[in-house]
Amino acid sequence: MPDAATHAHRNAHHVRRNFVCHVLEGGLYMGGTAFLAPESVLPKMVQTLGGKPWVIAVMPVLLPAAFACAGLFIAPLVERLHRFKPWVLAFGLLQRLPYLVTGLILMFVENLDGWLLPLVVLTPVISGLIGGVAVVAWMEMVTRMVPERARAAGWSARYILQAIIAIGAGTVIHKVLTLIPGRQGYAWLHLAAFALLFLSWLTQLPICESLGHHVKPRSVVPYKHYLAELPALFFNERHLVKLVLARFFGTGFLMLVSFLTIHALQVTGRPEADEGHFVTWQAAGTVLGSLLAGYVGYASGGKVLLQSARVVCLALCVWVTFNETFAGFSIAYFVLGFGLFLDRVGDLTLAAELCPPERRSTLQAILGFFNVFSLLLATFLSGQVYRITGSFDAVAWMAGGCALISMLLVMRIPEPRQARAR
């Protein structure tokens, strides 16, 4: 009995350590990307460099879309792995390097005028494509190591840490772009982002992978057979089909934010450096949204969070079409951070619990594959609407309509925990 008690104590210690590493890794990684905030800094940066409306529109989704591209091709390899940590560490380090390379190029290489826009746009794309090789294994590793009821709390804690860092990042962005505007300023922001991304990689080193529920690795099958079984595998999980549709129409936040900073600065006449204030307000909203999401997700699961996020998106769309003050847009970014992270915690929690454990890696990869098209198509449509109409209000009303449709779709998905309880 003492041996059993010692073993249980050791396991509990490793679970706590893994949970802390999980939170630090995500919080530092996303906090690092806040220095190039895809919802506020990147769209304005691309506009400043002469990017077209459709390029501006896709900037908030380039990183997650690129992440999801490789998953479907990597999942068969991941399902055959006995250990995930070496894979995650190797590709995780590579995915962080583009930010260092871009920062150094912007800092030291001259005569880049024609290459500045492609360089800025391709940095998250290259990082995401490399990260996509690791993300399926990373998601499976995390899902096995973090107990089910603690997952929502884990996602929430990561986002809270991100938000705390982003509050400071907002001040740094404002100072840097005020004192060092243009290319040199953006170089420092890329280097600051890399510094935190590298710290996030280091926090994965102490993870103990020997814990958690382990599914027996699948045997090797020809890749064409693997692809042939995917349609039946996916459509047999009918609730995942509904989740894919709900995700597509649930991109209302991202449709909106592509042009929100540009619209806010134009309406209020504020300088570009003031976008740092928006990052700070969004981060403050993220703290509150993540705290609430962690509590509700722990108690009730992810579905109610997704429904609440759609309501917040509708309210935000209405607010920004009528507001004309800088204070009002600051409130809008607070609401954006609040709603966006209700959505993210709810989505991650619900998706993980809807997928059967034995094929979770492949089903998560399929969901990611569909998400690529959802993110790119939705933001491309918002860019086209903005280009054709020249109206931010038209984009806001389209985003609100999509949020309403998504809310109706989410209502038709059962909460997995309630289904298992029955």
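Visitor: In what kind of crossing does α7 pass α16, left-handed or right-handed?

Guide: In this predicted model, α7 passes α16 in a right-handed crossing, a term used when the near helix is turned clockwise from the far one by less than a right angle, whereas an anticlockwise turn is called left-handed. Local features here need pLDDT of at least 70 and side-chain atom pairs count only at pLDDT 80 or more, while totals for chains, interfaces and linings use all residues. Residues are numbered from 1 along each chain as its sequence is written, and side-chain values use heavy atoms, with hydrogens and water left out.

Visitor: Why is α7 called oblique to α16?

Guide: Helix α7 (residues 116-145) and helix α16 (residues 360-389) pack at an angle of about 130°, with their axes 10 Å apart. Angles under 35 degrees count as roughly parallel, over 145 as roughly antiparallel and 65 to 115 as roughly perpendicular, with the rest oblique, and therefore α7 is oblique to α16.

Visitor: What makes the contact between α7 and α16?

Guide: Contact means heavy atoms within 4.5 Å, and here Val136, Met139, Glu140, Thr143 and Arg144 of α7 meet Arg360, Ser361, Gln364 and Ala365 of α16.

Visitor: Why is leucine 375 called buried?

Guide: Buried means under 20% relative accessible area, exposed over 50% and partly exposed in between, with a 1.4 Å probe and protein chains only. Leucine 375 has a relative accessible area of 6%, so leucine 375 is buried. This residue is found in helix α16, and leucine 375 touches Val61, Pro64, Ala65, Thr251 and Leu254, not counting residues up to four places away in sequence.

Visitor: How do you know that arginine 96 and glutamate 25 meet in a salt bridge?

Guide: A salt bridge is a side-chain nitrogen of Lys or Arg within 4 Å of a carboxyl oxygen of Asp or Glu, and the N to O value for arginine 96 and glutamate 25 is 3.6 Å. The pair links distant parts of the chain, with arginine 96 in helix α6 (residues 85-108) and glutamate 25 in helix α1 (residues 2-33), 71 residues apart.

Visitor: What links Glu25, Arg96 and Arg158 in a network?

Guide: The three are linked by salt bridges, since arginine 158 also forms one with glutamate 25, the closest N and O atoms being 3.0 Å apart.

Visitor: Are these residues buried or exposed?

Guide: Arginine 96, at 3% relative accessible area, is buried, as are glutamate 25 at 8% and arginine 158 at 6%.

Technical notes:
Axes are lines fitted to C-alpha atoms, for helices over the stretch in contact, and angles run from 0 to 180 degrees between N-to-C directions. Helices (H or I, at least four residues) and strands (E, at least two) are DSSP runs, numbered from the N terminus.
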